[in-house]
Amino acid sequence: MSSLLLDNIGELVTNVADSGADGPLGIRRRAAVLVEDGEVAWVGPATDAPAADRRVDADGAAVLPGFVDSHAHLVFAGDRAAEFAARMAGQPYTGGGIRTTVRATRAASDEELRTTVRRLRAEALRQGTTTIEIKSGYGLTVADEARSLRIAAEVTGETTFLGAHVVPAEYADRPDDYVSLVCGPMLTAAVPHARWIDVFCERGAFGADHARAILACGQALGLGVRLHANQLGPGPGVQLGVELGAASVDHCTHLTDVDVDALASTAVDTPSGPETTTVATLLPGAEFSTRSPYPDARRLLDAGVTVALATDCNPGSSYTSSMPFCIALAVREMRMTPAEAVWAATAGGARALRRDDIGVLRPGARADLIVLDAPSHLHLAYRPGVPLIRRVLHNGVPQ
């Protein structure tokens with residue numbers, strides 16, 4: 001078994017609160033990390049570092065857990081740059097452009113879709129994203145949803161069936177029939193390739209009754225629940241997610257006091273402090289790309305709600321794979337502190353996927369680490385747009 005020592009770390013973000021670490025990020029200074037067989041084997045002061053087969057000198061830089069992007073749509077074909085330009089000229093976002101991508105995706109070959117997924121996955125990895133969730137949702141036929149999930153599963157274990165993204169054009173006058181298709185043959189074809197089920201619960205997509213029925217069918221077959229909720233306006237999505245025990249409700253742009261209270265009511269005590277079992281995953285790239293109001297992260301955090309950050313990478317409303325960009329937006333536009341945003345992009349994303357082996361650096365965790373070309377995590381928000389990811393270790397392997 002080979003070992004690697006990442007040494008001479010100026011600031012190590014562990015996201016683990018213990019006697020040797022500072023603050024909510026569990027920061028250790030002048031630290032080292034020992035990696036063995038793809039896992040973190042030891043964390044501590046550089047002066048106490050054990051011997052290893054290989055040594056990598058961090059040269060005083062900051063080291064963080066790899067980013068956990070818990071919401072992305074990478075299986076698609078086509079381009080919606082013209083739609084983006086129209087929004088920048090004042091056209092509102094309604095979600096209607098999804099059908100444009102559905103047409104292009106259905107017409108694409110497996111290899112074309114695979115090429116896009118692998119390109120975007122590699123792009124995200126270069127920017128420090130070591131875990132990514134990928135949804136289907138641009139096929140909306142039994143065969144196209146199944147192949148989307150098969151292709152996504154080639155690059156991640158976090159795959160989500162989103163057959164209920166929108167009602168496709170051929171079912172526009174028969175939404176009940178489409179829900180029956182999603183709950184029946186489409187779900188059956190998706191289950192072997194999916195860990196999660198999701199619904200776009202929004203005006204113009206799926207209402208609460210249809211969403212509840214679809215998610216319940218997925219739960220009955222062993223899929224975990226996620227939910228697109230309250231993006232375009234107030235609605236039932238957040239409270240439905242809490243009702244069904246969803247791991248995450250995503251977007252959360254338009255929330256009532258009742259929505260916030262519902263999320264806060266899922267709080268439980270954990271070794272690291274109170275956390276909500278239903279996470280609010282915020283996607284500031286979507287607000288940036290649609291010129292919409294940003295979610296009020298401060299309101300959620302002050303209510304004790306666990307918050308994650310993710311990219312929502314997709315060709316229409318958030319064509320970014322950059323978690324550092326989303327961290328900078330969260331700090332500038334959503335009233336998060338740099339520490340809160342970094343936690344949300346690492347440990348928060350792990351919570352949204354109900355994982356405890358990623359988003360943290362402690363013995364037994366997966367050895368996913370990023371070395372910044374900077375002395376502190378603060379630089380991720382302080383220097384927006386600058387390529388600060390100097391080195392990535394994924395499963396202990398330098399990329």
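A crossover is right-handed if, with the strands pointing away from the viewer, the path from the first strand over the helix to the second runs clockwise. The exercises below apply this and a few other ideas to a predicted model.

**Exercise 1. Crossovers around β9**

Task: Which helices link β9 to β8 and to β10 in right-handed β-α-β units?

Solution.
- Step 1. Take the unit that ends in β9. It consists of β8, helix α5 (residues 175-190) and β9, and it is right-handed.
- Step 2. Take the unit that starts with β9. It consists of β9, helix α6 (residues 208-220) and β10, and it is right-handed.
- Step 3. Check the pairing on the β8 side. Strand β8 (residues 158-164) runs parallel to β9, with three bridges between them. Ala164 has Val199 as its bridge partner in β9.
- Step 4. Check the β10 side. Strand β10 (residues 224-229) is also parallel to β9, joined by four bridges. Here Cys201 is opposite Ala229.
- Result. The helices are α5 on the β8 side and α6 on the β10 side.

**Exercise 2. Cover on β9**

Task: Is strand β9 enclosed or open?

Solution.
- Step 1. Count buried residues. β9 spans residues 196-201, and six of the six are buried.
- Step 2. Split the strand by face. In a regular strand the side chains alternate between the two faces of the sheet.
- Step 3. Read one side: Trp196, Asp198 and Phe200 are buried.
- Step 4. Read the other side: Ile197, Val199 and Cys201 are buried too.
- Result. Both faces are covered. Because six of six residues are buried, β9 is largely enclosed by the rest of the structure.

**Exercise 3. The chain as a whole**

Task: What radius of gyration does the chain have, and what would a compact globule have?

Solution.
- Step 1. Set the expectation. For 399 residues, a compact globule would have a radius of gyration near 21 Å.
- Step 2. Compare. The chain has 21 Å, so the two agree.
- Step 3. Add the box. Along the principal axes, the C-alpha atoms fill roughly 70 × 45 × 45 Å.
- Step 4. Add burial. Of the 399 residues, 58% are buried.
- Step 5. Add contact range. Among contacts with a separation of 6 or more, 72% are between residues 24 or more positions apart.
- Step 6. Add surface. The accessible surface is about 15000 Å², and carbon and sulfur atoms hold 52% of it.
- Step 7. Add secondary structure. The chain has 13 helices and 18 strands.

**Exercise 4. Cysteine pairs**

Task: Why does Cys183 form no bond with Cys217?

Solution.
- Step 1. Recall the bond type. A disulfide is a covalent bond between the sulfur atoms of two cysteines.
- Step 2. Fix the cut-off. The two sulfur atoms must lie within 2.5 Å.
- Step 3. Test Cys183. The closest cysteine sulfur is in Cys217 at 3.6 Å, so the pair is too far apart for a bond. Cys183 is partly exposed, at 22% relative accessible area.
- Step 4. Test Cys313. The closest cysteine sulfur is in Cys326 at 9.3 Å, too far for a bond. Cys313 is buried, at 1% relative accessible area.
- Result. The search of the whole structure finds zero disulfides.

**Exercise 5. Positive phi**

Task: Is Cys252 buried or exposed, and is Arg291 buried or exposed?

Solution.
- Step 1. Note the background. Most residues other than glycine have a negative phi.
- Step 2. Take Cys252. Its phi is positive, about 55 degrees. Cys252 lies in the loop between β11 (248-251) and α8 (257-264). At 1% relative accessible area, Cys252 is buried.
- Step 3. Take Arg291. Its phi is positive as well, about 50 degrees. Arg291 lies in the loop between α9 (284-290) and α10 (297-302). At 58% relative accessibility, Arg291 is exposed.

**Exercise 6. Two buried residues**

Task: Which residues does Ile98 touch, and which does Asp7 touch? Leave out residues up to four places away in sequence.

Solution.
- Step 1. Place Ile98. It is in helix α2 (residues 98-107) and is buried, at 4% relative accessible area.
- Step 2. List its contacts: Arg80, Tyr138, His165, Val166 and Phe200. Phe200 also appeared in β9 above, where it is buried.
- Step 3. Place Asp7. It is in strand β1 (residues 3-13) and counts as buried at 11%.
- Step 4. List the contacts of Asp7: Ala31, Ala32, Ala46, Arg55, Val56, Asp57, Ala58 and Asp59.

Methods
Residues are numbered from 1 along each chain as its sequence is written. This is a predicted model: local features need pLDDT of at least 70, side-chain atom pairs count only at pLDDT 80 or more; totals for chains, interfaces and linings use all residues. Side-chain values use heavy atoms; hydrogens and water are left out. Buried means under 20% relative accessible area, exposed over 50%, partly exposed in between (1.4 Å probe, protein chains only). Helices (H or I, at least four residues) and strands (E, at least two) are DSSP runs, numbered from the N terminus. Two strands pair if DSSP finds at least two bridges between them. The radius of gyration is taken over C-alpha atoms; the globule rule is 2.2 Å times the number of residues to the power 0.38. Contact means heavy atoms within 4.5 Å. Accessible areas come from the Shrake-Rupley method with a 1.4 Å probe; for residues, only the protein chains shown count as cover.
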